[in-house]
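Biologist: Before I take any labels from this model to the bench, I would like to hear how each one was earned. Could we look at the structure together and go through the reasoning?

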Amino acid sequence: MADEARDKEQLSRAAADLLDEQQDHLEDEEIFVAGQWRLMWWRFRKHRMAMVGAVFVIFFYSVAAFADFLAISDPRLSDVDVAYLSPQTVHWFDGGFSPHVKKVIGARDPETFKKVYTTDPEVNIPIRFFVRGYEYKLFGLITFDRHLIGTVPPEDEVRVAPFFLGTDVLGRDMWSRIVFGSRVSLSIGLVGVLLTLVLGIVLGGLSGYYGGWVDTVIQRIIEITRSIPTLPLFIALSASVPKDWSVYRIYFIVTLIIALFAWTEMGRVVRGRFLSLREEDFVTAARLAGATDIRIIFRHMLPNFISHVITVTTLVLPFMIISETALSFLGIGLRAPAVSWGVLLQQTQNVQSIAIYPWLTIPAIPVTLAVLAFNFVGDGMRDAADPYAN
């Protein structure tokens, strides 16, 4: 009996080893026939921080897409009666699960003239989900008035927002303004990258493909652009922008200026790749077949290093976001009534205000997280761009 049991155990182990070998063989075959994009995805998945960064990137753009729904109140609604209100504490239980905040009572200190807030422990303001609030157009198409979070205030209360992150100098809800700010700051990154891609691919491609005087002129333009001190130029351009311009025109100008200085790195990358590809046999064959230069560039050469272009793009995006934030923080980018992370951080230019109202620095947190997330994704894409590397 013991010999029979030992034989069965050996057979089961042999069968398990055979199955593992077959599985490895199938995986090897799948790798051999997989395309470049699948190989890149497999390699990208192994980069844990890149996957975490990708989750954060999706989260941030989801917040930007549903900013109206996630906002508790109108981000431009001001109420000086609750100016500089510190973040309210959410109480989750009251004889059961019942999220609520306490009623806030504000009074002016007769000695310092500072607004002092106290909470009334006897009055609970319940927090509800999917409540009605101000109307907005979801995705610019559907009129909607539902919001993810809101309150049911007492009859004597005017505001319907629990101030999770406090309020600013005009009593505007910081949570709602940060959520709306993500829409502007992140969209500037996307629009700026689109312009960077167009300029970098077109000018870099022409420079690397034709060479000669075309390459010389474009490279001198890149060198001159990179040598210009950006901060004095931005200050001069900001001073030249008319004060009566709309937020959308200023948004376009800021995006354009950032893109004009960001395309040079992309142009250098594209030029280098074109220089190495233009003498390849498949390019020569395309010329002999009568293909036009435009077809050779965009049909035959560009697809060979599109993964590298995507990698550079993921690294340019955080530069765009941090540039807009820095310029708006310094007052030479977007200006009120625009709502962006940089505009929100303008209130923290005074050290005294930071010491007294530290919650005004909260918009720096999503900026930091977004930039880190894009950098991690960029690192993962850079490693995955060459899926055949060890």
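Modeller: Let us begin inside the fold, bearing in mind that this is a predicted model: the largest share of the lining of the largest cavity, four residues, comes from α8, and α7 (230-240) is, like α8, an element that supplies at least two residues of that lining.

Biologist: What makes this space a cavity, and how much space lies in it?

Modeller: A cavity is a set of grid points where a 1.4 Å probe fits but cannot get out, and the largest cavity holds about 120 Å³ of space. The search of the whole structure finds two cavities of 30 Å³ or more. Among the residues lining the largest cavity are Phe234, Leu237, Ile250, Ile253, Leu327 and Arg335.

Biologist: How does the lining of the largest cavity divide by class?

Modeller: The lining of the largest cavity has nine nonpolar, two polar and one charged residues. Arg is counted as charged, and Arg335 is listed in that lining.

Biologist: What makes a pocket something other than a cavity, and what volume does the largest pocket have?

Modeller: A pocket is an open set of points with protein on both sides within 12 Å along at least five of seven lines, and the largest pocket has a volume of about 410 Å³. It is lined by 16 residues, of which Arg76, Arg183, Val184, Val247 and Tyr248 are the closest to its centre. The elements giving two or more residues to this lining are α5 (174-210) and α8, with the largest share, four residues, coming from α5. By class, the lining of the largest pocket divides into 11 nonpolar, one polar and four charged residues.

Biologist: Turning to charged pairs, how do you know that Asp168 and Arg172 meet in a salt bridge?

Modeller: The rule asks for a side-chain nitrogen of Lys or Arg within 4 Å of a carboxyl oxygen of Asp or Glu. For Asp168 and Arg172 the N to O distance is 2.9 Å, so this pair meets the rule. The side chains of Asp168 and Arg177 have an N to O distance of 3.7 Å, and therefore this pair also counts as a salt bridge. Asp168, Arg172 and Arg177 are thus linked in a network of salt bridges, and by this rule the count comes to six salt bridges.

Biologist: Why is Asp168 called buried, and why is Arg177?

Modeller: The word buried is kept for residues under 20% relative accessible area. Asp168 counts as buried because its relative accessibility is 0%, and Arg177 counts as buried because its value is 4%. Arg172 is buried as well.

Biologist: How do you know that Asp215 and Arg271 form a salt bridge, and what parts of the chain does the pair link?

Modeller: The closest N and O atoms of Asp215 and Arg271 are 2.7 Å apart, so the pair falls within the 4 Å limit. The pair links distant parts of the chain, with Asp215 in helix α6 (residues 212-227) and Arg271 in helix α8 (residues 247-277), 56 residues apart.

Biologist: Are Asp215 and Arg271 buried or partly exposed?

Modeller: Asp215 has 12% relative accessibility and therefore counts as buried, whereas Arg271, at 22%, counts as partly exposed because buried requires a value under 20%.

Biologist: Let us finish with the sheet. Why do β1 and β4 count as edge strands?

Modeller: Four strands form an open sheet in the order β1-β2-β3-β4, with antiparallel pairing. Because β1 (91-93) and β4 (142-151) each have a single partner strand, one side of each is left without a neighbour in the sheet. Neighbouring strands of this sheet are turned by 40 degrees against each other on average, direction ignored.

Biologist: How do you know that β1 and β2 are paired?

Modeller: Two strands pair if there are at least two bridges between them, and β1 and strand β2 (residues 97-108) have two bridges, so they satisfy the rule. One of the bridge partners is His100 in β2, which belongs with His91. Nine bridges join β2 to β3, and strand β3 (residues 115-138) pairs with β4 over eight bridges. Between β3 and β4, Arg128 has Gly150 as its bridge partner, and Val131 has His147.

Key: Residues are numbered from 1 along each chain as its sequence is written. This is a predicted model: local features need pLDDT of at least 70, side-chain atom pairs count only at pLDDT 80 or more; totals for chains, interfaces and linings use all residues. Side-chain values use heavy atoms; hydrogens and water are left out. Axes are lines fitted to C-alpha atoms, for helices over the stretch in contact, and angles run from 0 to 180 degrees between N-to-C directions. Buried means under 20% relative accessible area, exposed over 50%, partly exposed in between (1.4 Å probe, protein chains only). On a 1 Å grid over the protein atoms alone, a cavity is a set of points where a 1.4 Å probe fits but cannot get out, and a pocket is an open set with protein on both sides within 12 Å along at least five of seven lines; lining residues have an atom within 4 Å of a point. Grid points are joined across faces, edges and corners, and a volume is the space filled by probe spheres set on the points.
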